[in-house]
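Work through the exercises below with the coordinates open beside you, and try each task before reading its solution.

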Amino acid sequence: IRGILPLIAFIRKIQNSPDELTPIHCDLAKLCLAAKCLKPVVPFLDVDITSLLSSLDPFVDTERFLLYFYYGGMVYAAIKKWELALFYFEVVTTTPCHVLSRIMIEAYKKYILISLLVRGKYVPLPSYTSHLVNNNFKAMFKSYHDFANAYAKNDAPKVLESLNKNRETMIEDSNYGLAKQCIQSLTRRNILRLTKTFLTLSPADMADRVHLANANEAELRLLRMIEEKDIFATINQQDGMISFHDTPQDLGTSVSMLKDLEDNMAKCINLDERMQLMNHSLAVDKSFIRKVRAYMSTCTACFRMAIALLSHFHENLMCKRKNFLDNEESLWRP
């Protein structure tokens, strides 16, 4: 814990702007995880990175970039900000590469499990993902994909069977706890689906439909979800029936939603301005212009070569056609 504040001070010292990623960011995230003191690193993770403070070694820069997003995803997963954790692990997995990194491999395992928590199913990686990842990861992590396929079917017994079958693998990968949270999440999703089908239901029926041990456990799960405002329901203590209700229109909720909308709009405007600045700086960058010119000259040369080949092919074709017609004419000549 004593090393956290000096690292924060050092990052602030060498940063040119708050949105610049330094080689020390990953050390801070790792130290906070090791100390189980996550609050100091969260403000750094919440900043959208737009620039990179490079070191002298590009291989070190790449490794620390991947480690920053990997440790950041672990921090967000620890504080249960699943959407951000999924995004951070996706950044690691989709980083362009020529060889597979161990960091990318570990991030992909967590990406599969967290996508189940966030989306309820495995979310395929974007189309711009490296072909090395797409071609190798599905075959390499069959146990994780089997677990995800069972989860997508909303069948709790099959999910438990898959978890028990791959238990040793997930314990070895330190992902068993995350997989157990997926089991709990599946139960919550199954309860939420019941609210779309039934208006009233007994705790015993709920326990049977979502594969819980007994009615008491179903009632406890339901009360917890009501407290967290995942669902709106009441339990009649006289007959023991559960009644599901629509989401109430709360004025305070509407005001908070409007504030969230305004904050998101401000973030989008700020992001657009930053993108325009980055686009302008890229357009006047000498190295970028040099690469574009080299690429265009290569494309022009290839185009000219293709035209020359087509012209040569056309001339040979016309010559063969002329010879063929001459031969045909000589055969019919008296």
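The exercises that follow concern a predicted model, and each task is followed by a worked solution.

**Exercise 1. Aromatic pairs**

Task: Classify the geometry of the pair Y70 and F89, and do the same for Y108 and Y111.

Solution: A pair of aromatic rings is described by the distance of the centres and the angle of the planes. The structure holds 15 aromatic pairs. In one of them, Y70 and F89, the centres are 5.9 Å apart and the planes make 65 degrees; since planes over 60 degrees apart count as edge-to-face, this pair is edge-to-face. Y70 belongs to helix α4 (residues 58-78) and F89 to helix α5 (residues 82-93), so the pair ties together parts that are 19 residues apart in sequence. Both Y70 and F89 are buried.

For Y108 and Y111, the centre-to-centre distance is 6.3 Å and the angle between the planes is 15 degrees, which makes the pair stacked. These two tyrosines, Y108 and Y111, are 3 residues apart in helix α6 (residues 102-119), a separation of about one helical turn. Residues three or four places apart in an α-helix point the same way, because the helix has 3.6 residues a turn. Y108 and Y111 are also buried.

**Exercise 2. Positive phi values**

Task: Locate K36 and S174, and decide whether K36 is buried or exposed.

Solution: Begin with the backbone, where K36 has a positive phi of about 55 degrees although it is not a glycine. K36 sits in the loop between α2 (25-35) and α3 (42-45), and its relative accessibility of 78% makes K36 exposed. S174, likewise not a glycine, has a positive phi near 60 degrees. The position of S174 is in the loop between α10 (167-172) and α11 (176-195), and with a relative accessible area of 62% S174 is exposed.

**Exercise 3. The two sides of helix α1**

Task: Determine which residues of α1 are buried, and what P40 touches.

Solution: In helix α1 (residues 4-14), the residues I4, I8 and I11 are buried. They cover an arc of only 60 degrees around the axis, so they lie on the same side of α1. The face turned away from that buried side carries the exposed residues L5 and K13. The cover over the buried residues of α1 includes α2 and α3.

Turn next to P40, which is found in the loop between α2 and α3 and counts as partly exposed at 24% relative accessibility. Leaving aside residues up to four places away in sequence, P40 touches I4, I8 and C32. P40 and L5 are 35 residues apart in sequence, while their C-alpha atoms are 8.4 Å apart in space.

**Exercise 4. A sheet and its helix**

Task: Work out which strands form the edges of the open sheet, and which strands helix α13 touches.

Solution: Strands of a sheet pair through backbone hydrogen bonds, either parallel or antiparallel. Here the open sheet has 3 strands in the order β3-β5-β4, with antiparallel pairing. The edge strands are β3 (200-201) and β4 (232-235), each of which pairs on one side only. Between β3 and β5 (residues 242-245), which run antiparallel, there are 2 bridges, and T200 stands opposite S243 in β5. Helix α13 (residues 215-227) packs on this sheet, touching β4 and β5, and its direction makes about 135 degrees with that of β4.

Technical notes: Residues numbered from 1 in each chain as written. Predicted model: local features only at pLDDT ≥ 70, side-chain atom pairs only at ≥ 80, totals over all residues. Heavy atoms only, no water. Phe/Tyr/Trp six-rings, centres within 6.5 Å; stacked < 30°, edge-to-face > 60°. Helix = DSSP H or I, 4+ residues; strand = E, 2+ residues; numbered from the N terminus. Buried < 20%, exposed > 50% of the residue type's maximum accessible area, 1.4 Å probe, protein only. Contact = heavy atoms within 4.5 Å. Arc of directions from axis to C-beta. Pairing = 2+ DSSP bridges. Axes fitted to C-alpha atoms, helices over the stretch in contact; angles between N-to-C directions.
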